[in-house]
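Here are some short exercises to work through with the viewer open. Try each task before you read its solution.

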Amino acid sequence: MTNKVLITGANKGIGFEVAKQLGAQGWSILLGARNEQRGLAAVHELEKQGIQAEWLKIDLDDLNTVHAAAADVAERHPDLNLLINNAGIAGDMAAEPLTVKTDDLRETLTVNVIGSFEMIKAFTPILRKNHGRIANMTIPVNPSGFWHPFSYVTSKSALDKMIEMFGQSFKRQHIPVDIFGIMPGGVSTDLNHHMTNPFIHTVEEGAAIVVKIVTDGHHHQGKIVNDYGLGKLVKRMVSAHSKQSPKSNG
């Protein structure tokens, strides 16, 4: 049986790269995106690489699209066995808490929490029949001096707790769906203006972490899995340090 995955927000960034890497392993891709033109363009790129792909309109700010997509998948793709909730927004990442606008916080919570909640509810009945998995992309939620995007962290903190509670509930009710979060670490995307430094993964590296976790065959029920690929980061740090340090004359 061919493995089949639905990835939201998969027309660009880490979502698209995860689709590419899973597709290269033989997975069939259902590519969720808000915009038809961008979604179909991404599907075309995958198909050029020999990957079976299809666009589904999913806008987490419009729950009707979530329910319509779930009904469509139940009818035409009942063998779906993996959902990756990748779509999300960051809000105003530079604003201090007192300057965050209520509308910014509301929109970020609507997409990242309510939208993900509806995706989980809508697609669990399909995945339940296939003993499937639901992976939710998340971020470090402990603010620091250099990492404190208020709306983003607030929404992902709520998402993490929601994952934990869904996991506990699935266990209690013997629902054979493995739900968990994935925290791949910093990844250079348009969300962070393609930031680069020794601690930031490339899109390819970040996607490889996600692919490794969703295909590892282990149960991560209710957990946040944070495999940062530390070995690569250490190598990069050593390399960067050696380039910056003056050579010894000794």
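Two strands count as paired if DSSP finds at least two bridges between them. Keep in mind that this is a predicted model.

**Exercise 1. Work out the strand order of the sheet and find which strands stand at its edges.**

Step 1. Follow the pairing from strand to strand: seven strands form an open sheet, in the order E3-E2-E1-E4-E5-E6-E7. The pairing is parallel.

Step 2. Now look at the two ends. Strand E3 (53–57) and strand E7 (224–225) each have a single partner strand, so one side of each has no neighbour in the sheet.

Step 3. Place a helix on the sheet. Helix H4 (residues 102–129) packs there, touching strand E1 (4–7), strand E4 (82–85), E5 and E6. The direction of H4 makes about 175° with that of E4.

Step 4. Add helix H5 (residues 150–172), which lies across E5, E6 and E7 and runs at about 160° to E6.

**Exercise 2. Decide whether Arg133 is buried or exposed, and find what its side chain reaches.**

Step 1. Locate the residue: Arg133 lies in strand E5. Five bridges join E5 (residues 133–137) to the parallel strand E6 (residues 178–182), and the bridge partner of Arg133 in E6 is Asp178.

Step 2. Apply the cut-off: buried means under 20% relative accessible area. Arg133 has 11% relative accessibility, so it counts as buried.

Step 3. Look for polar partners. The side chain of Arg133 reaches the backbone oxygen of Ile213 at 3.3 Å, and a polar atom of that side chain lies 2.8 Å from the backbone oxygen of Val214.

**Exercise 3. Describe the largest nonpolar core and the surroundings of Leu22.**

Step 1. The largest nonpolar core has 31 residues, and Val18, Leu22, Ile29, Leu31 and Ile84 have the most contacts inside it. Helix H6 (residues 203–214) gives the most to this core, with six residues.

Step 2. Leave aside the neighbours of Leu22 within four places in sequence; its contacts then include Val5, Ile7, Trp27, Ile84 and Val211.

Step 3. Another core, of 29 residues, lies apart from this one, and Ile58, Ala69, Ile120 and Ile179 are among its members.

**Exercise 4. Which loops hold His131 and His174, and what is the sign of phi in each?**

Step 1. His131 sits in the loop between H4 and E5, while His174 lies in the loop between H5 and E6.

Step 2. Phi is positive in His131, near 50°, and positive in His174, near 55°.

Step 3. Finish with accessibility: His131 is exposed at 60%, and His174 is exposed at 69%.

Note on methods. Residues numbered from 1 in each chain as written. Predicted model: local features only at pLDDT ≥ 70, side-chain atom pairs only at ≥ 80, totals over all residues. Heavy atoms only, no water. Helix = DSSP H or I, 4+ residues; strand = E, 2+ residues; numbered from the N terminus. Contact = heavy atoms within 4.5 Å. Axes fitted to C-alpha atoms, helices over the stretch in contact; angles between N-to-C directions. Core = buried A, V, L, I, M, F, W, Y, C linked by side-chain atoms within 4.5 Å. Buried < 20%, exposed > 50% of the residue type's maximum accessible area, 1.4 Å probe, protein only. Polar contact = N/O pair within 3.5 Å; in protein donor to acceptor, adjacent residues only side chain to side chain.
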